[in-house]
Amino acid sequence: MDSTLARLRAYVNQVLLTGWYQDDGTEHFPNEKQHLAWTGGGVPIRLHQTVRLGADWRGYPVAGRLYLQLYWWARVARVYVDGQLVLSGDLFDQRGRVLLTQAAQPGQEFQLTVYLESPGHDGGALYKVALYLENPDPQWDPGYFADELAGLRVLDLAGSVPLLAAACAVIRWLPEHALSELKASFSQARTILQPLVPLVKAYRVNLLGHSHIDLAWLWPHAETLDVSERTFQSVLALQEDYPELRFVQSTAYLYEWLETHRPELFAQIQARITSGQWEVVGGMWVEPDLNLPDGESLIRQVVYGKQYFRKLGVEVEVGWNPDSFGYTAQLPQIYQKSGIRYFLTQKLLWNDTTQFPHQRFWWQGPDGSRVLTYFAPPLGEEIPPVKVLTHLKNSGQPELLWLYGVGDHGGGPTKEMMASQQRWRESDFCPTLSHSSSLDFFQGLPTADLPVWTGELYLEFHRGCYTSHADQKRFNRQAEVLLTNCEKLLFLLALQGHECKFEGLERCWKLLLFNQFHDILPGTAIPEVFVQANRDWAELFEQGEKLLTAALAVLIQPTDQSWVVVNLLNWPRQVLVELPCLGAAEDQTALVAVSVPALGWAVCHSPVPSVNASPVSAGFILENDHLRVTLDPHTGNLTSLWDKDQAFEYLTGPSQWGVYRDQGQYWDAWNIDPHYRDHPLTPPVLMEITPVQTGPLCAHLRVVYQLGQSRITQRITLTGRLLTFKTEVDWRERQVLLKVSFPLTLQQDRFWCEVPMAVLARPTHRQTPTAAAQWEVPALRWVAYEADGHGLALLNDSKYGYDCVGSQLSLTLLRAPVWPDPESDQGSQNFTYQLHPYRGSWQSAGVVQLGHELNNPPLVVPGKVPAFQGPLVSPSSLVWVTCKPTAEPQVWILRFYESQGQACTTNLDFPVSLVEVQETDLLEEPLYPLTVNGGQVTLHATPWEIKTLRVVFATGT
């Protein structure tokens with residue numbers, strides 16, 4: 001069969017990888033890969049060739065339409081025919097097809113010129129160039145017939161093998177036979193294959209035009225807007241000629257931008273939405289990363305996205321995020337509680353270790369919520385028959401959704417793609433083709449006996465995205481805390497009858513959501529993208545701090561004699577605050593222990609000056625009533641973490657800085673080198689350990705290291721049962737991975753990882769391919785390792801990448817990729833991590849609460865404030881996430897999540913009378929009322945459940 005297909009295609013296909021000359025007349029030969037390659041770094045090259053058509057190709061007459069097909073790897077590509085520019089492309093639009101003539105004739109000449117510039121990070125290549133003849137009548141086209149045969153072979157239908165053999169045997173080859181005999185043999189062969197027709201037609205391919213548009217990636221966001229506009233204009237024009245074309249597009253942000261800035265184009269799109277030719281999917285503000293944002297951010301993505309689409313009269317039911325680098329376990333619940341019943345992606349096709357076992361399945365979250373999920377074939381494709389049928393066969397299903405159209409940098413379906421599908425459907429051996437929406441496709445899927453996948457969809461690739469561009473991770477974490485704090489503080493003011501001013505809050509949320517796009521927050525874009533992102537972060541923080549300051553000004557009366565400590569978490573806290581000493585020098589401060597109620601505040605007075613306690617003892621030991629921590633005076637590493645309460649040692653040996661060469665991966669910012677442990681580098685060298693202070697509340701050490709050209713400074717503090725490492729790094733390394741690791745005396749086959757609004761157990765031993773692939777995993781504020789009644793939590797304030805091998809627990813601190821941003825991670829870095837040894841389980845030890853406390857320190861403001869009892873949550877595993885204002889002053893949306901995997905019943909006590917409380921979905925649509933008793937309401941939550949309430953307070957409160 002292979003030889004048959006090759007001979008048929010040789011009649012109409014002529015490879016053009018030789019005969020190319022540069023401007024100076026030097027011939028450019030293909031390399032061993034049969035690529036026309038040249039040097040990387042943005043180097044230009046211009047290649048020329050004169051094509052003169054002969055009378056025939058291997059006996060087949062040169063007649064009909066003649067196309068030039070090219071595939072390149074270049075940041076700029078321009079193709080000229082007879083001096084005229086006929087095709088442009090780039091690194092994202094990597095292929096093109098040019099019609100040279102409608103009627104090819106012997107003796108015709110074409111002067112071809114290809115101008116290319118190599119990518120900045122890689123060598124360039126022109127790796128496929130060919131001429132294609134296309135007979136206007138596909139029944140007599142050898143290439144078309146070859147596709148029919150190849151497609152039937154791929155489908156491997158019952159009884160097809162002998163029929164295909166017989167069909168190939170009757171072909172009358174040129175030049176031994178006349179052209180008329182060749183064509184007659186095609187008819188004879190198709191007659192032999194007729195018994196396969198009903199079997200082929202039982203298969204269905206649903207065609208749906210699409211253009212995945214990255215809002216910012218290897219181009220700035222402003223360019224994306226131009227690209228989007230051109231793409232949508234192209235689709236609308238194409239639908240005039242091909243009204244059967246159905247097009248799908250996500251991202252509420254883009255539609256809102258069009259509505260504001262391109263109203264005429266937006267109106268045309270609205271008309272196509274109404275006619276059913278244009279489908280809106282996704283339901284999110286942007287297509288975000290789905291590992292790093294916290295749960296409330298993901299909810300706001302859907303809230304702002306679906307609320308906008310509802311204004312257009314569209315109720316989005318299909319979740320759409322085909323390009324994120326893994327999918328968090330709580331997404332099914334977020335989708336289900338937002339009216340999204342289906343989810344489409346394809347990214348796990350990129351797995352580097354195992355093949356995901358399902359194409360269509362129920363994806364189930366930890367709370368039991370499910371969405372019907374479909375893994376589509378790769379995006380950005382044309383409609384090549386054999387490739388489509390290969391994916392159809394490999395799916396094991398009789399039906400396929402094929403998303404065609406140029407993507408990443410826009411483009412969408414093309415006229416050539418539409419002509420291709422029309423030509424293909426003329427074949428008896430083409431499956432049933434239909435133009436379908438994704439919703440129609442999902443609604444038609446049989447759901448009986450579908451497999452169920454519970455938990456996250458972990459991508460076995462792009463593991464560096466949890467760490468690259470640490471500044472974006474830090475800004476994201478801080479912004480999430482700032483915005484929810486603003487809302488909580490405004491809520492507390494509203495309970496006291498104060499007017500709440502939250503203008504600009506939605507704008508801040510949308511800035512945050514935009515910067516969570518799946519190439520910004522992961523740190524995988526060009527420098528210009530981060531320049532704009534940092535402007536957005538600056539605006540967000542400025543506006544958020546103004547809101548916070550204004551709210552505090554309403555609450556607090558100025559005075560220099562006392563301080564107000566505000567706790568915006570829903571449990572009481574014991575906190576240490578550093579305050580200026582009363583009547584002392586300006587720089588003299590003292591630590592004060594303060595008990596602060598839940599969602600409330602406490603007033604403390606300025607401390608009086610005191611004599612410093614004695615310095616840390618020799619041997620560099622930090623010790624209090626609970627822990628004794630020993631550092632090696634020669635390396636600065638922890639050598640002992642002794643729990644005095646339990647008489648238990650947590651470390652089997654010293655803690656370690658892990659420094660590794662991290663290069664050789666094509667997707668540099670995306671990927672950690674899988675073999676990085678084989679390339680260790682010299683660890684940081686201890687420069688100094690300085691005892692800072694000790695006392696009844698805490699003890700400090702200052703430790704300084706030198707690592708290559710970088711300086712690491714840590715302030716190590718022991719308070720209670722927490723060992724805190726406040727870290728400053730002047731990072732000057734490139735393609736270097738920095739970790740900190742703790743070898744534990746515990747032995748367990750899993751460790752616990754906090755993910756958005758849930759906690760997952762992940763493997764510590766790599767005994768299966770799936771476990772082996774999870775050698776770097778994402779988590780939010782903490783991970784924990786526990787066994788035999790002992791546990792250790794590793795907490796952080798801005799990091800997301802972890803690993804655990806056996807009993808060694810590690811946090812990834814920094815990377816230094818050079819592509820696509822050569823300055824990624826360079827310069828000043830600040831972060832904090834903590835160790836918390838505990839007895840029992842992470843639930844009983846309150847690790848969830850500790851993670852929130854590290855990331856949401858109390859607000860400390862000089863002044864005094866009247867006594868006020870804020871809302872109370874009876875002790876439970878419920879975390880109060882946010883208090884979202886509405887247009888009605890007395891109506892607020894409150895959100896909680898169950899944080900420990902345990903059903904709970906909680907009393908919510910408000911200091912004011914309640915008119916009505918309703919549980920709602922995430923879009924704030926009422927589900928059912930809750931019983932109100934004055935200012936109290938009882939809330940029931942199942943394990944890992946997200947709860948949203950619409951609370952109406954009595955007028956005048």
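1. Let's start with P44. Leaving out residues up to four places away in sequence, P44 touches W38, Y115, L116 and E117. P44 sits in strand β3, which covers residues 44–52. Keep in mind as you read that this is a predicted model.

2. Is P44 buried, exposed or partly exposed? The relative accessible area of P44 is 47%. Because buried means under 20% and exposed means over 50%, P44 counts as partly exposed. Have a look at P119 too: P44 and P119 are 75 residues apart in sequence, and their C-alpha atoms are 9.7 Å apart in space.

3. Compare that with T713, which belongs to strand β33 (residues 710–719). T713 has a relative accessible area of 18%, so with the buried cut-off at under 20%, T713 is buried. The contacts of T713, again not counting residues up to four places away in sequence, are R702, V703, V704, K726, T727 and E728.

4. Now for the nonpolar interior. The largest nonpolar core has 153 residues, and the members that touch the most others are W278, L540, W842 and F910. Helix α14 (residues 470–495) gives the most to this core, with twelve residues. There is also a second, separate core of 94 residues, with V62, L126, A167 and L403 among its members.

5. What does W278 touch, leaving aside its neighbours within four places in sequence? The list is F232, V235, L236, F247, Q249, Y255, I269, R272 and I273. Two of these names come back in the next point: Y255 of α7 and I269 of α8 also take part in the contact between those helices.

6. Helix α7 (residues 252–261) packs on helix α8 (residues 263–275) at an angle of about 125°, and their axes are 6 Å apart. That angle makes α7 oblique to α8, because angles only count as roughly antiparallel over 145 degrees and as roughly perpendicular from 65 to 115. On the α7 side, the contact is made by Y255, L258, E259, T260 and H261; on the α8 side, by P263, L265, F266 and I269. Sorted by class, this contact has six nonpolar, two polar and one charged residues.

7. Sticking with α7, the buried residues in this helix are A252, Y253, L254, Y255, W257 and L258. What covers them? The cover includes helices α6 (221–241), α8, α9 (295–311) and α15 (505–515), along with strands β13 (247–249) and β14 (278–280).

8. On to the sheets. One open sheet has four strands in the order β45-β48-β52-β51, with antiparallel pairing. Its edges are β45 (872–873) and β51 (932–933); each has a single partner strand, so one side of each is left without a neighbour in the sheet. β51 pairs with strand β52 (residues 936–941) in the antiparallel sense over two bridges, and N933 stands opposite Q936 in β52.

9. Another open sheet is built from five strands, ordered β30-β35-β42-β41-β38, and the pairing is antiparallel. Which strands are at the edges here? They are β30 (656–661) and β38 (777–778), each pairing on one side only. β38 is joined to strand β41 (residues 801–805) by two bridges, and the two run antiparallel. If you want a residue to find this pairing by, V777 stands opposite Y802 in β41.

How values were computed: Residues numbered from 1 in each chain as written. Predicted model: local features only at pLDDT ≥ 70, side-chain atom pairs only at ≥ 80, totals over all residues. Heavy atoms only, no water. Buried < 20%, exposed > 50% of the residue type's maximum accessible area, 1.4 Å probe, protein only. Contact = heavy atoms within 4.5 Å. Core = buried A, V, L, I, M, F, W, Y, C linked by side-chain atoms within 4.5 Å. Axes fitted to C-alpha atoms, helices over the stretch in contact; angles between N-to-C directions. Parallel < 35°, antiparallel > 145°, perpendicular 65-115°, else oblique. Nonpolar A, V, L, I, M, F, W, Y, C, P; charged D, E, K, R; others polar. Pairing = 2+ DSSP bridges.
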